[in-house]
Amino acid sequence: MSNPIIIGNWKMNGLINETKHIVSTLLTYTKKHQNFAKTILCPPFTQLQLVKEMIKNSPLGLGAQDCHYANKGAHTGDISPAILQDIGVNYVILGHSERRKDHHESNQLVLKKTVAAQNNGLLPIVCIGETQQERNANNQESIVEVQLKGSLPEQFDGLVAYEPIWAIGTGLTANNEQITEMIQFIRKKLVAQYGENGKKISILYGGSVKPDNVKDIYAIPELSGVLVGGVSIIPKDFIKLIDIAQEFIRS
Ligand code: PEP
């Protein structure tokens with residue numbers, strides 16, 4: 001991997017004090033280093049504005065964890081891509097397995113959100129991945145293929161995150177062989193769908209990425225970066241992920 005992208009998905013974590021602590025610790029790191037991996041923070045909606053203010057004039061990027069497909073209207077409790085764009089968010093995670101499960105999000109809904117995000121100038125990070133049961137049945141490729149076909153639009157300008165559900169928040173990490181196989185499979189499907197453009201789409205891995213396994217993951221040549229949950233709210237460990245990425249940066 002060269003020039004890794006590191007995306008921190010805070011999930012439903014980050015009180016104001018915690019947010020200030022995480023971001024200020026990261027800023028201390030970024031001030032001491034000139035050239036490091038592209039790092040995007042995805043706090044809960046309510047902390048986006050605070051994080052936006054704090055990371056102003058820093059190289060850190062900002063993402064949200066979801067959005068609606070409509071730009072405005074009668075959708076109580078939802079946040080639109082237009083609102084995200086308005087406050088200066090650049091990325092949005094879509095189709096995360098926790099949303100697919102907790103909110104019954106279908107591929108069709110993820111597709112609508114992806115289109116809406118793109119139309120508002122946001123870069124969607126579309127998550128796909130199989131359950132343990134599906135892997136046990138050796139169905140990971142067909143599951144991921146259906147998710148790719150169903151969730152990605154005709155014109156796609158975003159990133160894909162391969163996140164095997166059995167590895168998310170469990171401490172179980174897919175091994176390099178499993179990740180490589182799936183990344184190659186996803187690439188093949190992206191090229192079939194988008195031709196030359198499919199070669200340029202960044203593919204990330206997510207699932208219990210930690211300081212002690214990240215070096216092996218960065219070493220996978222086909223991968224563009226990592227999507228990190230649990231470790232993203234532990235600043236000293238998250239910084240280690242950024243630090244270890246240093247040696248994979250090519251100018
Ligand atoms: C995630 O939330 O996308 C994720 C990969 O979580 P964790 O790193 O905790 O497994």
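Student: Which residue of β8 stands opposite Tyr205?
Tutor: A word on the model first: it is predicted, so local features need pLDDT of at least 70 and side-chain atom pairs count only at pLDDT 80 or more, while totals for chains, interfaces and linings use all residues. Residues are numbered from 1 along each chain as its sequence is written, and side-chain values use heavy atoms, with hydrogens and water left out. Strand β7 (residues 203-206) pairs with β8 in the parallel sense over three bridges; strands are DSSP runs of E with at least two residues, helices are runs of H or I with at least four, both numbered from the N terminus, and a pair needs at least two DSSP bridges. Opposite Tyr205 in β8 stands Val226.

Student: Which residue stands opposite Val226 from strand β1?
Tutor: β1 (residues 5-9) also pairs with β8 in the parallel sense, over four bridges. The residue opposite Val226 there is Ile6.

Student: Which residues of β8 point the other way from Gly225 and Leu227?
Tutor: In a regular strand, side chains alternate between the two faces of the sheet. β8 (residues 225-228) has Gly225 and Leu227 on one side, and its residues on both sides are buried, meaning under 20% relative accessible area, with exposed over 50% and partly exposed in between (1.4 Å probe, protein chains only). Pointing the other way are Val226 and Val228.

Student: How far apart are the end C-alpha atoms of α1?
Tutor: The expected span is 1.5 Å times one less than the number of residues. For the 17 residues of α1 (residues 16-32) that gives 24 Å, which agrees with the distance found in the model, 25 Å.

Student: Within what arc do the buried residues of α1 fall?
Tutor: The buried set is Thr19, Ile22, Val23, Leu26, Leu27, Tyr29 and Thr30. They line one face of the helix, because, seen down the axis, they fall within an arc (from the directions of the helix axis to the C-beta atoms) of 160 degrees.

Student: Which residues are exposed on the other side of α1?
Tutor: The buried residues of α1 are covered by elements including β2 (38-42), α2 (48-55) and α10 (235-245). On the other side, the exposed residues are Asn17, Lys31 and Lys32.

Student: What do the buried residues of α2 pack against?
Tutor: Leu48, Val51 and Ile55 are buried in α2. Seen down the axis, they fall within an arc of 65 degrees, so they line one face. Counting contact as heavy atoms within 4.5 Å, they pack against α1, β2, β3 (61-64) and α3 (81-86).

Student: Which residues does Asp237 touch?
Tutor: Asp237 is found in helix α10, and it counts as buried because its relative accessibility is 15%. Leaving out residues up to four places away in sequence, it touches Pro211 and Val231.

Student: Which helix gives the largest share of the lining of the largest pocket?
Tutor: On a 1 Å grid over the protein atoms alone, a cavity is a set of points where a 1.4 Å probe fits but cannot get out, a pocket is an open set with protein on both sides within 12 Å along at least five of seven lines, and lining residues have an atom within 4 Å of a point. The largest pocket holds about 350 Å³, the volume being the space filled by probe spheres set on grid points joined across faces, edges and corners. Its lining has 14 residues, with Lys11, Met12, Gln65, Glu98 and Arg99 nearest its centre. The largest share, three residues, comes from helix α4 (residues 97-102).
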